[in-house]
Each structure stands twice: as C-alpha cells, then as structure tokens.
Amino acid sequence: MSNLVALLFGAAIVLFYSYNRFNRVTYEGGRQMERLVDLLSPDKLRARRIVMHAYTFYALILLLIYFFLCAYAELLPLLGGPDLAVGASKLPVPSAEAPAAVIAGFAPGNDTAIPWTLSSVVGPATVRDFDIGIDASVSLAIALIMVGLAPTFPLLGNFEDWMRGAAHRLAGIPTHVIGASEDLRRRDLKLRGKEAAISAPAVDATAVKQQHLLIPLSSWERLKHYQAAAKEQVNEREDFRLDLELIFAVSAWILDRKLKLANGPVRERFQQLEEELRKRRDQLIVELDDRSGFGLSAAKNIVTAAGYGTRDANLGERKRATWERLASDADNLADDFCFLLALYVEHGIIIASSDEDAAHQQFIAKKKLDAFLGGLLHPHSAAGSHKSHATMASLWALGVVFFVGLFWGVVPGRFEDELVWDAPTSVYSRTLSCIFYAFNNYCIPIIVTLALRDAGMQSRRWHNIRKTHWTKWLPQVVLVLVASWTVATLFVMGLQLWKTGFDTGWAASGKSLGVILQYSFEYNAPTVFRGASLALIVAFLLDAWSAQARTLSLKPPLLSSLLWATGSAVVMAVFGGITRYAAAWAAMPSTTQSLTDIHRGLIFYSMVFSALIGFSVVFCITAALLNLHSGSERRPGAKTSRPAAPDPTPAE
C-alpha cells in the first residue's frame, strides 16, 4: 500500500508543478511579442476556458508519461536517463502453458478472467499482499525528474517542450490574439465625423460640448498640432494621424477608464500591461510636444516649423529622422493598443454595448469602439465562426458513461456474469469493472476527438462535416478516427501489459513480449473502435448544430433528441456486435471452428450495452444543445433584425 501511496503522491507532484511548466513561453513572435512577452504569460493570451482545455491535454500527457516511466523504469537508461536499478525492471511474461490467455475480457478456458476488466492469468489459490510492484523510490524519483527538481535528461526535456508548444498551438496561443489585433490594425476607428471633427475647440462655455467621444480637449488640440507640425516631416502622414487617433481614443476609453467595462476581477490581471502602455503613451506625448513645440505661440510654431530647413540642412535632416522615429514609436504603440483591445474582448472585459441608461457621449464612444472591434464582439455571428461546445459535450459524455456503467454493473451485468460463470460476481467489483471499461473504451476516444475538433476550429482548419463536400471532410474524419482509436488502444494495451506483468511475473523475452502485444491488440483494438465511432457521431452532431440542421429544429424539441439518439443507438449496436464478434475470434484458440453459445450471448450483451451508451450520450448532448438557445434563434430560415450577440457574461 505504501508503494501505491508513493505513486499517487508522485502524480500529485507532477500535477502541482505542471501548470507552472505549461505557463512557460514557447513562442517567438515579431516586435510586438518582444515588447509584450514579459508582461503576458500564456494563460493570459486566451480565455480561461480555452486555456484549461489546453492545460488538461498537457497534464494528461504528462501523467501518462509519468505512469509509463514508473512502470518501465528499466527503459530510463535507454532514453538517456538515470538507472534507478529498482522497481519493475523486467517485462511481463505470460504463463508458458497458456500464452493465448493473456488478453482482456472473457476467454474460454480462462476461469480467472473477469469480463470488462483488464484481467489475465491469476492462480485461484494465489494469496499475496496488495502491491503495485513499483518501488516508492522509483515513483518519487521520476516525479522529481519530470518537474525539474532532480536532474532531467535531454529526451524528456525536449519532448516536454514539444508537448507544451503543441498544447499552446492547439489553444491558439498566441496566434489567436495576434491575428485579431492585426485585423484591428487594418481598420479605421473613424473618429473624424460630424460629431468629432478636429477643430480648434473654443475655450468658452461650449468647451464641454466640444469634448467629443469622451476624449479630452487637450488631446484634440494635440492631434491638430501634431498633424500640422509633421506635415512635411513624416512620409506616411495619414497612417501617423490614424495611429495618434487610436492612441488617444483608446487611452481615454480604456486606460483612463472613461468607458464602463465588464469582468473587473479579470481586468486586474492586466494592470501591469495597462501601466506599461500608459508610461509609453506619456513618454510619446512628451517627445511629440517637445518636437512640435506644443504650447508655444502659433507664430513661433510657424517660424520654427519653417526655419529648420532654411537655416541648417543637416539640422533639418536630423529633425526629420526624429519625426520618423516618433512615427515608428506611435505605430508600435498603436499595435500594442490593438493587442490590448483584442485581449479584452477575448477575456470578456469589452462586451457588446447595451443601449440602456447610457450617457450621450458614452453611448457614441462605445458605438465607435463596437464598430471598430466588429466581429470580435460577435464571434458566433461571424461567417465560419462557431462555438465548438467541446467542454459541454465532454462533460456530458463523461457523466453519462459513468452512470450507464454504474447501471450496467448493478443490473444487466449480473445476468452477463451468470452467462459466463453460472453465478454472479460481487456487485462492487462488477460495477467498478464496468465503469473502468466504459471509460477506457468510450471516454478517451471522445476526449481526443473533441480536442482535435476544437483545435481545428480554433485554427479555422476544421471542415464542417454537415456543410462541406465529402472530399474535404473525409480525410479529416479518417485522421480523427485513427488518432482517437490509436490513443485509446495504446492506453488500454499499456494497462493490459502492466497488469499481465503484475499477475504473472516480470521476466519476458522479446518473443514472449511480442505474443502478449499481439493478443492484446487483437482483442482490445476492435473493442476500442466502438468508442471512436461514438466520438465521430458526437462530432457530426456538433457540426450539424453549427450548420443549423433541420433535424435539430423539430417540434417538440424532444423529437430531435430522440431522433438523433435512436440513430446513434442503431449504429452503436451494429458496431458493438461486429467488434465483439472480432474480439471473440481473437480470444479463442486456433483449433476452435465456431463460436459457442456463450460467445453469442456476449455479443448480444455487447450490442445492448453499446446501444445504451450511444443512445444516452447523444440524447443528453442533443438536449443540452437545444437548451442553449431558443428555437427562433437556432431554427434554419428564422429571420432576425440583426445578428444575435452573445450574452454579456464574463469569460470562463
């Protein structure tokens, strides 16, 4: 038991330090990221929900590596790591009399095998203390190696860096916000209009009225003065003007907090970034005031502006170079202000404005900002952009699979045991076995598939299965199917290999190890295919929802859920029967010519269990989707006066 506690404690160490490692910068950007990389950790570059998706993927991979290295510590020297010289230093070997019995599930002649579990040959009279076969020192040493508290080795470090970078890319860190800020830089804030024409404001009673769009009078005066002073000094005068307008407007609205924003606690995380931008803005204004002579008399300004070139050509060239440098600084600062806006939209700090109880100038300023941000504030109404619903679907799948496994272990599983053993086993062991089996074979493929789909949607590379031509989505479906099936199969086979060694001893040759892997693959690979098939059904359902399929707009809504769930149950029953048939042949000796009645009964139970899983998962996910929006918002052909905006709730 102490070894098990040490293994779990090591896993806790890996999880405790994994977030700090995940939050290390892996990306290299241009000038913009060089200016901001010290102020923005990876978890600040996407909404918390998306960051947690990527971190979960990264942490699960680290845990799998940790358990693998603990189980097969003898491989560490081959990978360039230390030789711990303790623990499971040999590979598993099956019994010499029955090598074909080293498989998962029911096999004729294997009286000790338990259906649904990763079981292998165990003598019925064997009595021993509970132990996992991994020394406590191995677990703790590998945990410390993985988190960097003990000397690590290059291969592990390089792989961890690659996995961290892959997790960041899956979450769109930092590419999503950079792309959004670049889109903003190509737009015009359009401050110059009837209500915001840059003119010399009066200093009389109309001064208050002249403070258009919540921008101070001094800023409007500076804009006009800078534009006049830089007229012959800056090559891109129009770009310079647009940069300054953006800087002064966003400074007043965001940095000076003249616009009411949402999600205050999250905004506090970016206080350091705001302070840095405020310092750079103030420094730029001081230099522009000094170079343009802002605050001096108009006559002196005109003489100064015209005098440098006639008095001293070299001085004029230096002045022009100074103006170009200031224009470059203004361009960089405007880039970073756009980056700040994109970040605040991503984190739900800037939300779509409501027309209720807004002061006139605040209303106009917010409308200007909303128009500038455009599709960033309404991502779900933009063309080709939809929510992936990966978190919701994953949670529903996990919960439903758990409860279906629990139900099957308590009630139908009893009759299945009687079919095989002529007597039911313990309800507790049977229930745990059912839940463990269902998680391995169904939840893992669903999680992998939804993660790949979510990553594809984040990078805009996912082709909607419901809308696009089959020549586009078929390669994508094959890739996702193979990936989810492979990951789940490797996971199940790894557990089976470990349990075989734990039950039979740790002294295998290369030949016997090949026999173990062969039989384990032949039995488990078809079974895992059921989960991969269900994962594709869920992905197709989510794509159909994004495409506003008519089958999801039937009335009453319960009819849509029943239609999709029934279709899924039929498909899963077929795959359940086929895969159980293939697994049955893999489990039988080569001399057997036909299936027995027990095998036929197990095929029937497999079909029922697969159909129940498919019906329950798809029914619950469909019902959850239909509950997200009203029928008028989601039904195809429904007409609205304007695109539906997302609810102004803080980012998850």
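**Salt bridges around arginine 185**

In this predicted model, arginine 185 is partly exposed, its relative accessible area being 24%.

Trainee: Which residue of helix α13 is tied to arginine 185, and how many residues apart in sequence are the parts that the pair ties together?

Mentor: The side chain of arginine 185 meets that of aspartate 335 in a salt bridge, at 2.4 Å from N to O. Aspartate 335 belongs to helix α13 (residues 313-346) whereas arginine 185 belongs to helix α6, so the pair joins parts of the chain that are 150 residues apart in sequence.

Trainee: With which aspartate does arginine 185 form a salt bridge at 3.0 Å, and is that aspartate buried or exposed?

Mentor: The closest N and O atoms are 3.0 Å apart in the salt bridge between arginine 185 and aspartate 243. This pair links helix α6 (residues 175-185), which holds arginine 185, to helix α9 (residues 237-255), which holds aspartate 243. Because buried means under 20% relative accessible area, the 6% of aspartate 243 makes this residue buried.

Trainee: Does arginine 281 or aspartate 256 count as buried, and which counts as partly exposed?

Mentor: Their side chains meet in a salt bridge at 3.6 Å, N to O, with arginine 281 in helix α11 (residues 271-292) and aspartate 256 in the loop between α9 and α10. Arginine 281, at 10% relative accessibility, counts as buried, while the one that counts as partly exposed, at 36%, is aspartate 256.

Trainee: How many disulfides does a search of the whole structure find?

Mentor: Cysteine 70 is buried at 0% relative accessibility, and cysteine 443 is buried too, with a relative accessible area of 3%. For disulfides, the search of the whole structure gives a count of zero.

Note on methods
Residues numbered from 1 in each chain as written. Predicted model: local features only at pLDDT ≥ 70, side-chain atom pairs only at ≥ 80, totals over all residues. Heavy atoms only, no water. Disulfide = S-S within 2.5 Å. Buried < 20%, exposed > 50% of the residue type's maximum accessible area, 1.4 Å probe, protein only. Salt bridge = Lys/Arg side-chain N within 4 Å of Asp/Glu carboxyl O. Helix = DSSP H or I, 4+ residues; strand = E, 2+ residues; numbered from the N terminus.
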